[in-house]
Structures are given as C-alpha cells and as structure tokens.
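Trainee: I should like to request a close look at a single part of this model, the surroundings of the ligand. Please give one connected account that may then proceed to other parts of the fold.

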Amino acid sequence: MANKEIPYKIYLNESEMPKYWYNLRADMKNKPAPLLNPGTGKPMTAEELGGVFCEDLVKQELDNDTREYPVPQEILDFYKMYRPSPLVRAYCLEKKLNTPAKIYYKFEGNNTSGSHKLNSAIAQAYYAKKQGLKGVTTETGAGQWGTALSMACAYFDLDCKVFMVKVSYEQKPFRREVMRVYGADVTPSPSMTTQIGQKILAEHPGTTGSLGCAISEAVEVAVGTEGYRYVLGSVLNQVLLHQSVIGVETKIAMDKYGIKPDVIIGCAGGGSNLGGLIAPFMGEKLRGEADYRIVAVEPASCPSLTRGVYAYDFADTGMVCPLAKMYTLGSDFIPAPNHAGGLRYHGMSPILSQLYDDGMMEAVSVPQTRVFDAAETFARTEGILPAPESSHAICAAIDEAIKCKETGEEKTILFGLTGTGYFDLVAYQKYHDGQMDDYVPTDEELKQFRARLPKV
Ligand SMILES: *Cc1c(COP(=O)(O)O)cnc(C)c1O
C-alpha cells in the first residue's frame, strides 16, 4: 500500500467514506468531568438537559461509552454535497519554506458556510427535526456557526434564530446576509430582546459582545419558546462527536497511502475542529497503539489552555447554562476584539481540557499579527484565502516546518484548515494598514476574572 503513488489531493471514494462517528470518550481512562447543575451542584440529568437540548443530542452528550455512532442516512445524504473534504499535500508551501517536512492539511472550507461547523450543524438540525421541533436558537461569534446552522435548518425546514456577537454583526454584514438567504433571523448581541441582554447592556454599555453573552440570550429564548431548543456549535461532547468525521476521513485517507503524521495541529476556540481532527489518532494514542504529538493553537489574546485554570465554570456570561469543568479564563472574560472571532471563547471543550490536563496534548498561543503573516504566506503559496482562526494552525505548522529545516528532520505535519476568510477581509485590511494590535492580557487582568469563578 505504502508505495502507491500519492495524489496531490486525497479524496475518498464513496465506498471508503466513514459511516460512523467516533466517540473518543470511550477510550479515555479519565473521562471528561460531567456538566453540573449550577443550582444543586449535582451532575445534570438527561431530563434537565432535555429542557435545553434535543433528546438524541442529550444522549450523545452523556454517553462516555459507545465507541462508534452510525451516521444517520439523512446526514450521509447531506454530506454528499460537500464531503469528502480533501486532504492536501502543501507542496508549494513546503518549497517556499525550504523545509524537509511534509505538510498536509485537511480542508473543511469547501462549503458555503466556509467552515467545518456545517458538520455539527447538520447533525443537530437533523435531531431537532426528528424530534418534531419547530426551530432552534443559537449564538454565533464570527458568523460561521450561524451560517452553517442556517444552511442546515433550511435543508430540514426548521426555524433558526441566531444571536450574533455585535462586533461581528457590524464587521461582517455580508455574513448576516448569507444567513438571511438561508432564512435565519439574526439579532446583534447583546440585545434588548432578552432579559439577560438588557442586564449586560446596563452593566457594560457599549460592549462589543462576546460568545458567552450571545449564548445566554439564545438559551433564554429557547427555554422560553414552545417547540424550540438551543444548539451550540462547539465545546460540547456531542459537537466533538459530529466533528470526528474530519479525523476519521483523514485517518482513512492517510492509512490508504501509508502516511503517518508525527505532529497534528489545530486551532482551538471551543475545541471542536481540533477534537474532531485528532479523534481517531488520539484514540490510538490512548490505547497505546501509536504515538503522535498533538498541538492546540490559540490566540494570545484569549489563551484558555495556556494561561487559564482547569475548573468548573459557567459556559456563558449570563450564568444560565450548566457548569462545565474546563480550562477557562472565567465566564465574564471578554477578550480584546481579536479578529479570529471563532476563537474568542473563554473556555475549552471538557474532553480536550481533560486530555490536556492528562498531558496527552500540548498547547501554544500566538499573537495576531504573526497569524496574519502566516495566513498571507499560505494564501500566496497554496492559493486558499484562509480564515483567521485556521491561520493559527497554519502559523504553528509553519513554525514546526521551520524547526525541521533547522534540524533536518523529515517530519510529517498534519493540520486542520478549518475554513476560508472571504468574510474576514476587514481584518486583512487592518493588517495591511498596520492597524492590527497584538493585545495580550496581563496576569493581573486574568487573575481578576479567575477570582470570580464559581465555587463548587
Ligand atoms: C469556529 C471556528 C473555529 C474554532 O472553533 P472550534 O470549535 O475550536 O473548532 C476555527 N476555525 C473556523 C473557521 C471556525 O469557524
């Protein structure tokens, strides 16, 4: 197998496509900590979660044992529009860097929403429809999740109410318009349409918003509206389960040609693309069958793994959601207006948090201008205009490749290219005009938010 000629871009044939999602938790000895009810301090029951989330998704959320979940046929049918995603050898980038390293990226931006988020959006919309619901509410930061969910809801004929972080709503009017093409109702957050929005605006007039605020608003509306549930685009165990399709496809493609990555790199906001990409590789690592270096890359302005604490915290600013044990900066931490909107979340997936705490993976943080340097190098060599979020992974992959040049090692580097940056051109403009800053929170600032973590 290994000496088969390797194509520039590896796609899978229909018969090779994964038919299941892989639940990494089944192979974790130390399971991720359960969500807690903030009122009682006890683990959330399926019944309690069922008030907020769809039934089948609650089962997936709480299931630490089932290794493989068959993907429902309706979802496999939807995948035919945009999957498999290509696994690409970055020959031109390697040449530009003059590195002996082999660089591969799995490109998830080949759909209208422009990111991997469609993988979980379609699954969550499917289960909402299956339950006979009327619609779903959600938040969106940079707009990718809202766009993905709008597409998925349009496909299954569900209502979709999106609370969009205000800074993105203003910076990315065209994202909002794409959501409206797919029939979504989009409100800038914080808004005066919810109680929590009114409270946040009274306390922080002029705030540009955060994912945490928008989550609180979306949950308030879901819980208060008949036939609606809330859906979330990252962080949750169920989302990592759906995103495992990225990793399972990658693993099948690499195994087919006898390629073994030495280092696997992904950007980490709430952790879903990284959790999905690494899933089958981490599974092998957990079972002692293989070893990989796994690296999470986060913005220096929102460094939850590298500078946060591992503790129970609220998932949202309004403190209405269950408590999750995760690496966190504190639920009321509102990061500087970094342009990688999808990475501006105060916490990290409980699954990845546990794996990081167990020393199974590493994390690095990178300043914004270095990320855009990497983004441009990539655009000019590989052609694709990358999303700022994805460019965090590009930046770390380039750093690894340059290290290989210095040591002469021919490592194989795999990274997740999560999406495209067509809606991020205001950010690219700021970068070109020298108006981009590299704000990094001080220890003092971080301490202040940490002091307000809930006591459990
Ligand atoms: C949302 C997003 C991310 C970060 O979210 P994760 O849940 O950490 O994957 C990364 N890249 C893109 C393009 C995104 O839209």
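Mentor: The account below begins at the ligand, follows one residue into the protein, and then turns to a pair of helices and a loop.

The model is predicted, and the description should be read accordingly. Of the 19 residues around the ligand, those that come nearest are Lys117, Ser234, Gly269, Ser272 and Thr418. Two of these serines place a polar side-chain atom beside an oxygen atom of the ligand: for Ser234 the separation is 2.5 Å, and for Ser272 it is 2.7 Å. Gln144 also takes part, with an N or O atom of its side chain 3.4 Å from an oxygen atom of the ligand.

Thr418 deserves particular attention, being one of the residues that come nearest to the ligand. Thr418 is located in the loop that connects strand 15 (412-417) with helix 17 (425-432). Its relative accessibility is 6%, and because buried means under 20%, Thr418 counts as buried. The side chain of Thr418 forms a polar contact of 2.7 Å with the side chain of Ser390. Apart from neighbours within four places in sequence, the residues in contact with Thr418 are Glu108, Gly109, Gly114, Ser115, His116, Cys267, Asn273 and Ser390.

The loop that holds Thr418 leads to helix 17, and helix 17 packs against helix 15 (residues 368-382). The angle between these two helices is about 105°, and their axes are 11 Å apart. Angles of 65 to 115 degrees count as roughly perpendicular, and helix 15 and helix 17 are therefore described in that way. On the side of helix 15, the contact is made by Thr369, Phe372, Asp373, Ala375 and Glu376, which meet Ala427, Tyr428, Tyr431 and His432 of helix 17. By character, the residues of this contact comprise 5 nonpolar, 2 polar and 2 charged.

A further loop completes the account. Asp332 is found between strand 13 (323-328) and helix 14 (350-357). With neighbours within four places in sequence left aside, Asp332 is in contact with Thr317, Phe449 and Arg452. For Asp332 and Phe449, the C-alpha atoms are 6.8 Å apart in space, although 117 residues separate the two in sequence. With Arg452, the contact of Asp332 includes a polar one between the two side chains, at 2.7 Å.

Terms used: Residues are numbered from 1 along each chain as its sequence is written. This is a predicted model: local features need pLDDT of at least 70, side-chain atom pairs count only at pLDDT 80 or more; totals for chains, interfaces and linings use all residues. Side-chain values use heavy atoms; hydrogens and water are left out. Helices (H or I, at least four residues) and strands (E, at least two) are DSSP runs, numbered from the N terminus. Buried means under 20% relative accessible area, exposed over 50%, partly exposed in between (1.4 Å probe, protein chains only). A polar contact is a pair of N or O atoms within 3.5 Å; within protein, one must be able to donate a hydrogen and the other to accept it, and residues adjacent in sequence count only if both atoms are side-chain atoms. Contact means heavy atoms within 4.5 Å. Axes are lines fitted to C-alpha atoms, for helices over the stretch in contact, and angles run from 0 to 180 degrees between N-to-C directions. Angles under 35 degrees count as roughly parallel, over 145 as roughly antiparallel, 65 to 115 as roughly perpendicular and the rest as oblique. Ala, Val, Leu, Ile, Met, Phe, Trp, Tyr, Cys and Pro count as nonpolar, Asp, Glu, Lys and Arg as charged, and the others, Gly among them, as polar. A residue is near a molecule or strand if one of its heavy atoms lies within 4 Å of it.
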